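Here are my notes for you, written to be read with the model open. Take the points one at a time and find each piece on screen as you go.

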Amino acid sequence: MSNFEVFFDYIQEISGKLLSEDDKQLLMAHFKPKKLRKRQYFLQEGDVCKYIGFIVKGSARTFTVDEKGHENVLKLSVENWWLADFESFYLLTPSRFNIEALENLEVLQSTNAQIEEFLKHIPAFSAMQNIISQNYTIATQKRIQAAFSYTAEERYEDLISNYPHFLKRFPQNMIASYLGLSPETLSRIRKNSFK
């Protein structure tokens with residue numbers, strides 16, 4: 001299956017609408033395939049996020065580096081997820097984040113101007129974007145609540161119930177950072193969960 005067939009299936013499944021042949025041609029003309037090697041950056045802190053990327057294959061992380069040099073993982077991403085610093089992408093401001101390929105990565109990327117055109121002219125794309133925005137808002141609220149209200153154990157349980165594949169795809173130190181835990185705390189929690 002080609003990268004675009006995966007992408008078209010994703011849009012149609014999320015939106016519940018079919019893409020016309022004209023829609024598909026328009027998307028193919030303006031979403032450009034890009035490959036990144038493991039450890040290459042899709043976006044670096046300080047740069048303006050000029051592209052949004054749809055992950056066809058591979059994984060990535062969105063992270064910041066604090067003044068002490070510690071990396072803080074905000075997001076882990078896999079196939080059929082989107083890559084961007086949305087604030088930078090929509091407001092054209094310098095990004096505060098880095099987005100790095102954790103595996104060899106294949107994405108389809110497009111610009112803000114093109115996304116606006118797709119939203120106006122492709123009903124399935126517009127419907128998909130609305131649903132993704134809703135889901136992203138809900139997920140963000142849940143993540144904020146978990147950060148303030150959940151114990152370390154509850155955050156880990158929440159992760160494995162919602163994203164069990166993360167445990168196989170990402171190193172333990174990145175999962176710990178994503179959960180706001182030290183690697184030692186995560187190791188203890190995992191050890192206790194196997195008892």
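The points below go through a helix, a proline, a sheet and a pocket.

1. Before anything else, keep in mind that this is a predicted model. Everything I say here was computed from that prediction.

2. Start with helix H1, which covers residues 3-15, so look for a run of 13 residues. From its first C-alpha to its last, H1 reaches 18 Å, and that is close to the 18 Å expected at 1.5 Å a residue. Right after H1 comes Gly16, and its phi is positive, near 75°.

3. Now, which residues of H1 are buried? They are Phe4, Phe7, Phe8, Tyr10, Ile11, Gln12 and Ser15. Try colouring them and then looking at what sits over them. The cover includes two other helices, H2 (21-30) and H5 (123-149). Strands take part as well, among them S1 (32-36), S3 (51-57), S6 (82-83) and S8 (105-111).

4. While you have H5 in view, find Pro123, which lies in that helix. Is Pro123 buried or exposed? Its relative accessible area is 51%, and exposed means over 50%, so Pro123 counts as exposed. Here's a distance to check on screen too: the C-alpha atoms of Pro123 and Glu154 are separated by 39 Å, and these residues are 31 apart along the chain.

5. Next, the sheet. Four strands make up an open sheet in the order S2-S7-S4-S5, and the pairing is antiparallel. Why does one side of S2 and of S5 lack a neighbour in the sheet? Strand S2 (41-43) and strand S5 (71-77) stand at the edges with a single partner strand each, so one side of each is left free of a neighbour there. Going from one strand to the next, the twist averages 30°.

6. Zoom in on the S2 end of that sheet. S2 pairs with strand S7 (residues 98-101) in the antiparallel sense, over two bridges. To see one residue pair up, pick Tyr41: its bridge partner in S7 is Glu100.

7. At the other end, look for helix H8 (residues 172-179). H8 lies across S5 and strand S4 (60-65). Relative to S5, H8 runs at about 100°.

8. Last, the second largest pocket, which holds about 170 Å³ of space. Which element gives the largest share of its lining? That is S2, with three residues. The lining residues include Tyr41, Phe42 and Leu43, along with Lys34, Asp47, Cys49 and Gln109. So Tyr41 turns up twice in these notes: it lines this pocket, and it has Glu100 as its bridge partner in S7.

Note on methods
Residues are numbered from 1 along each chain as its sequence is written. This is a predicted model: local features need pLDDT of at least 70, side-chain atom pairs count only at pLDDT 80 or more; totals for chains, interfaces and linings use all residues. Side-chain values use heavy atoms; hydrogens and water are left out. The expected span of a helix is 1.5 Å times one less than its number of residues. Buried means under 20% relative accessible area, exposed over 50%, partly exposed in between (1.4 Å probe, protein chains only). Contact means heavy atoms within 4.5 Å. Two strands pair if DSSP finds at least two bridges between them. Axes are lines fitted to C-alpha atoms, for helices over the stretch in contact, and angles run from 0 to 180 degrees between N-to-C directions. On a 1 Å grid over the protein atoms alone, a cavity is a set of points where a 1.4 Å probe fits but cannot get out, and a pocket is an open set with protein on both sides within 12 Å along at least five of seven lines; lining residues have an atom within 4 Å of a point. Grid points are joined across faces, edges and corners, and a volume is the space filled by probe spheres set on the points.
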